[in-house]
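Thank you all for coming. I would like to walk through one structure with you this morning, taking it piece by piece, so please keep the picture in view while I talk.

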Amino acid sequence: MSIALAFVGVSILGTWGIATIALIVGGIILIVAPGDAETVSSGLGTGIFLLIAGLVSGGLMQIVAAPLLGIDPPLPVKAKSIIPHERMTAWASAGPLRAFPDGVATEVRLRSLRVAIVREGEEARALTALCPHARLPLASFPGAPIRPEPVRDGCVMCPFHGARFETTTGKAVRQPFSSEFNAAHPLLGRLQSKLFFWNMGAEDIQTYPVRIENDEIMVGLPR
Ligand code: FES
């Protein structure tokens, strides 16, 4: 995806998302405080209408528009689909170790699979590129204002809603929309948690075996 196309896509989704949130918030306000006694019923009706319109808009945005822009539907990925490393016997080169920035996820495509490579000094880890919470990329989108987060304490953090995963095991050590993340990211955290009320958890993420051969990162993939 080109940077220009990614920028347009993110802008469209961002505008759409803000409009959706405005509909939902406006609907909730009108339902909770519909106005004076004479206009209560019309305020309540308008509030319910806005709330339903907002929820439908949010659903359409996430299920229809995002895939058209090359974004996977925001459905969770279950840990039961994780493939054990013993079955990852098709080795592919991700490139020279030092071509990858230290301590931040970088996405590559290996045999049609989207893989996030995380270099930590002289070592490297490989995880599936899409966060199991809502299939958004750990390395973010090219040119997007949301930047990948630095690896901390051996964990990579999804920049979209703050889930954290151990880079070695893939274990989910922090769930999306934690109070810490929401406090630091009001738009991506607190506001989006309202849209994702139906999907608030992240299970463990798929990892891939890695070995370094002649300074190249080799990643084991399923056959
Ligand atoms: S998509 Fe990663 S935490 Fe939501």
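Which domains does the domain assignment of the chain give? The assignment gives domain 1, covering residues 3-68, and domain 2, covering residues 79-221, and I should say at once that what we are looking at is a predicted model.

Let me begin with how these two parts meet. The centres of domain 1 and domain 2, taken over C-alpha atoms, are separated by 30 Å, and where the domains touch, eight residues of domain 1 are in contact with seven residues of domain 2. On the domain 1 side, the largest share of that contact comes from helix α1, residues 3-32, which supplies seven residues. If we sort that side of domain 1 by class, we find six nonpolar residues, two polar ones and no charged ones.

Now to the strands, starting with β2, β3 and β4. Strands β2 and β3 run antiparallel and are joined by six bridges, with Glu107 standing opposite Ala116 in β3. The two strands form a hairpin with two residues between them, and in that turn Arg111 has a positive phi of about 50°. On to the next pair: β3 and β4 also run antiparallel, joined by six bridges, and here Val118 stands opposite Arg125 in β4. In this hairpin there are again two residues between the strands, and Gly121 takes a positive phi near 70°.

These strands bring us to the largest nonpolar core, which has 30 residues, and in which Val115, Ala116, Ile117, Ala126, Cys131 and Leu138 touch the most other members. The elements that give two or more residues to this core are β2, β3, β4, β5 and β10, and of these β3 gives the most, with four residues. To take one example, Val115 touches, leaving aside residues up to four places away in sequence, a set of residues including Ala94, Val108, Leu110, Ala126, Tyr208 and Val219.

Finally, let us turn to an open sheet of three strands, which has the order β5-β6-β7 with antiparallel pairing. Strands β5 and β7 stand at the edges, each with a single partner strand, so one side of each is left without a neighbour in the sheet. Direction ignored, neighbouring strands of this sheet are turned by 35° against each other on average. Within this sheet, two bridges join β6, residues 164-166, to β7, and the bridge partner of Arg164 is Arg174 in β7.

Key
Residues numbered from 1 in each chain as written. Predicted model: local features only at pLDDT ≥ 70, side-chain atom pairs only at ≥ 80, totals over all residues. Core = buried A, V, L, I, M, F, W, Y, C linked by C-beta atoms within 7 Å. Buried ≥ 20, exposed ≤ 12 C-beta atoms within 10 Å, placed from the backbone. Contact = placed C-beta atoms within 7 Å. Pairing = 2+ DSSP bridges. Axes fitted to C-alpha atoms, helices over the stretch in contact; angles between N-to-C directions. Domains from an automatic or database assignment. Nonpolar A, V, L, I, M, F, W, Y, C, P; charged D, E, K, R; others polar.
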